[in-house]
Amino acid sequence: MAEQQKQKDIWSAELYGEKVAPFVATSTTKVLAWLDPKPTDEILDIGSGEGPLTACIAPHVKRIVGIDGSPNMIEHFKKAYPHIESRVVDCRRLDQEPSLTNGSFNKVFSNAALHWILRDPETRSNTMKGCFEALKPGGLLVNESGALGNVAEVHSAIISGLVTQGIPVTQARNASPWWFPSLQAMKDLVEGAGFTWVKGEVQLRQTTLTENKNGGVEGWIRLFGEPFLELLPTAQARDAAVKHAVDVLEAVGRQQHDGSFTVNYIRLRFIAKKPE
Ligand SMILES: C[S@@+](CC[C@H](N)C(=O)[O-])C[C@H]1O[C@@H](n2cnc3c(N)ncnc32)[C@H](O)[C@@H]1O
């Protein structure tokens, strides 16, 4: 079997949490209600990032462990929350982590991360197998991530920006770092790993972007869209592609009443249960 490709660490905790997307960790009321943290809970938080959400849950549960593929995110996690367990784990091979997949957790939680982790079709079932094996019988997998159509306007504008710089559309499309499934596709994946589907929903969440320097729609594209932009050989070509995307998006995202910029996030939430 070909060795799995190592992921480039595109994540910067400083840009992500402070400038570009502080709303990711804060727009979580519903998924936290579904997680329903209890003092007896032992939770594995998949794709925890630098841990602001893990830290919100921590005081309410017995144990929570944050794992993330980005060394930069985990370094910040450890500095900010030294009292909470965290470690670097590429969750595309979660099933290869025996100390986590030994049935010691009663909940596996993930927010805004599975659409990155499940990007490659070849490793999706490894991640789900790992979630299943991490849980005790009767344990719950509780997730919120991007659904089919999530950030579709930004996604399309980035692809179009690359095409203006001479990248063939199929190559631009294939550079997407995300898998945004329909509810049915996610249900099929989860059930394929042995889980019982408890409930799921898809919801439009119009999200106002920050207006910080390095934030806004341009900051969003430069941080989250880096795997696309890497296809371009020069900084000049990348800048031109970003400018094109931002110019296109001006037509759809600007709020008339206050000039702020909105992106159409579409969230997919679900709870699945490991049979007793
Ligand atoms: C948008 S952030 C969400 C962070 C956090 N859950 C929150 O709600 O703020 C997505 C996270 O997924 C992580 N990620 C992406 N691919 C991953 C992988 N293969 N294994 C583990 N984590 C991954 C990124 O490093 C990043 O921290």
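**Getting to know a predicted protein chain**

The protein chain carries 30 positive and 32 negative side chains, with the centres of the two sets 3 Å apart. Keep in mind that this is a predicted model.

User: How many helices and strands does the protein chain have?
Analyst: Let's start with the basic parts list. Both kinds of element turn up in the protein chain, and the tally is 13 helices and seven strands.

User: What is the radius of gyration of the protein chain, and how does it fit the globule rule?
Analyst: For 276 residues the globule rule gives 19 Å. The chain's own value is close to that, so it is as compact as a globular protein of that length. Its radius of gyration is 19 Å.

User: What share of the contacts in the protein chain comes from residues 24 or more positions apart?
Analyst: Here we count contacts with a separation of 6 or more. Among those, the part that joins residues 24 or more positions apart is 76%.

User: Is His155 buried or exposed?
Analyst: His155 sits in helix α8, which spans residues 152–164. Leaving out residues up to four places away in sequence, it touches Ser176, Trp178, Phe180 and Phe228. Buried means under 20% relative accessible area. His155 has 18% relative accessibility, so it counts as buried.

User: Where around the axis of α10 do its buried residues Met186, Leu189 and Val190 lie?
Analyst: Helix α10 covers residues 183–192, and Met186, Leu189 and Val190 are buried there. They take up an arc of only 95 degrees around the axis, which puts them on the same side of α10. As background, an α-helix has 3.6 residues a turn, so residues three or four places apart point the same way. For these three, then, the place is the same side of α10.

User: Which residue just after α10 takes a positive phi?
Analyst: Step just past the end of the helix and look at the backbone there. The phi angle is about 105 degrees, and the residue is Gly194.

User: How many of the eleven residues of α7 are buried?
Analyst: The buried ones are Arg124, Asn126, Thr127, Met128, Gly130, Cys131, Phe132 and Ala134. That leaves α7 mostly covered, and the number buried is eight.

User: Which helix is among the elements that cover the buried residues of α7 and also has buried residues that α7 helps cover?
Analyst: The cover over the buried residues of α7 includes β1, β4, α6, β5 and α10. Looking from the other side, what covers the buried residues of α10 includes α6, α7, β5, β6 and β7. The helix you're after is α10.

Notes
Residues numbered from 1 in each chain as written. Predicted model: local features only at pLDDT ≥ 70, side-chain atom pairs only at ≥ 80, totals over all residues. Heavy atoms only, no water. Helix = DSSP H or I, 4+ residues; strand = E, 2+ residues; numbered from the N terminus. Rg over C-alpha atoms; globule rule 2.2 N^0.38 Å. Contact = heavy atoms within 4.5 Å. Lys, Arg positive; Asp, Glu negative; His and termini not counted. Charge placed at Lys NZ, Arg CZ, Asp CG, Glu CD. Buried < 20%, exposed > 50% of the residue type's maximum accessible area, 1.4 Å probe, protein only. Arc of directions from axis to C-beta.
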